[in-house]
Amino acid sequence: QVQLVESGGGLVQAGGSLRLSCAASGSIFSINAMGWYRQAPGKQRELVARISSGGSTNYGDSVKGRFTISRDSAKNTVYLQMNSLKPEDTAVYLCNADVLVTQFWGQGTQVTVSS
């Protein structure tokens, strides 16, 4: 119903920045909210940032003040600007779309932050 494709991951040194993109296609008018989650080996998937259809945002405690989520409605794309990256930010970052009680996920993009 909804397809999500992430891009922008890569390798960066601590203190650097990356910008992730998530392009949505399919039944895009049914999307209530979109967000970014991350998952590292052996850890639970955690919320990074979320933005509603009305534009309100929320962030995980560990990224507040460093990451910013935004959207471009004309392009059906959400972005995650990541600044002041730390090694503990290393994870697979996944884009999420919320449709009623159903969640859709992208394939993920790897972010690796070196010391």
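**Core, disulfide and selected residues of the predicted model**

In this predicted model, Leu80 touches Leu18, Arg19, Leu20, Trp36, Val48, Ala49, Phe67, Thr68, Ile69 and Tyr93, when residues up to four places away in sequence are not counted. Leu80 is also among the residues with the most contacts inside the largest nonpolar core, together with Leu4, Met34, Trp36, Met82 and Tyr93. This core has 29 residues. Two or more of its residues are given by each of the strands β1 (2–7), β3 (18–26), β4 (33–39), β5 (46–52), β7 (67–72), β8 (77–82), β9 (91–99) and β11 (109–114). The largest share, 5 residues, comes from β9. As a general background, nonpolar side chains in soluble globular proteins tend to be buried together.

A search of the whole structure finds 1 disulfide. The bond joins Cys22 to Cys95, with a sulfur-to-sulfur distance of 2.0 Å. The angle about the S-S bond is -85°, and the link of Cys22 and Cys95 is left-handed. Because Cys22 lies in strand β3 and Cys95 in strand β9, the pair ties together parts that are 73 residues apart in sequence. Both cysteines, Cys22 and Cys95, are buried.

Both of these cysteines also appear among the contacts of a charged residue, Glu6. Glu6 is placed in strand β1. Leaving aside neighbours within four places in sequence, Glu6 is in contact with Ser21, Cys22, Trp36, Tyr93, Leu94, Cys95, Gly106, Gln107, Gly108 and Thr109. Glu6 is buried but has no salt bridge. The nearest side chain of opposite charge belongs to Arg45 and is 8.6 Å away, whereas a salt bridge requires a side-chain nitrogen of Lys or Arg within 4 Å of a carboxyl oxygen of Asp or Glu. Backbone nitrogens are found at shorter range: that of Gln107 lies 3.0 Å from a polar atom of the Glu6 side chain. The backbone nitrogen of Gly108 likewise lies 3.0 Å from a polar atom of the side chain of Glu6.

Backbone angles were also examined. Most residues other than glycine have a negative phi. Asn76, a residue other than glycine, has a positive phi near 50°. Asn76 is found in the loop between β7 and β8. With a relative accessibility of 30%, Asn76 counts as partly exposed, since that term covers values between 20% and 50%. Leu100 is not a glycine either, and its phi is positive at about 55°. Leu100 lies in the loop between β9 and β10 (102–105). The relative accessibility of Leu100 is 78%, so Leu100 counts as exposed.

Thr112 is located in strand β11, one of the strands that give two or more residues to the core. Thr112 itself counts as partly exposed, because its relative accessibility is 28%. Apart from neighbours within four places in sequence, Thr112 is in contact with Gly10, Leu11, Val12 and Thr90. The side chains of Thr112 and Gln110 are joined by a polar contact of 3.3 Å. Thr112 and Asp89 are 23 residues apart in sequence, and their C-alpha atoms are 7.4 Å apart in space.

Technical notes:
Residues numbered from 1 in each chain as written. Predicted model: local features only at pLDDT ≥ 70, side-chain atom pairs only at ≥ 80, totals over all residues. Heavy atoms only, no water. Core = buried A, V, L, I, M, F, W, Y, C linked by side-chain atoms within 4.5 Å. Buried < 20%, exposed > 50% of the residue type's maximum accessible area, 1.4 Å probe, protein only. Helix = DSSP H or I, 4+ residues; strand = E, 2+ residues; numbered from the N terminus. Contact = heavy atoms within 4.5 Å. Lys, Arg positive; Asp, Glu negative; His and termini not counted. Polar contact = N/O pair within 3.5 Å; in protein donor to acceptor, adjacent residues only side chain to side chain. Disulfide = S-S within 2.5 Å.
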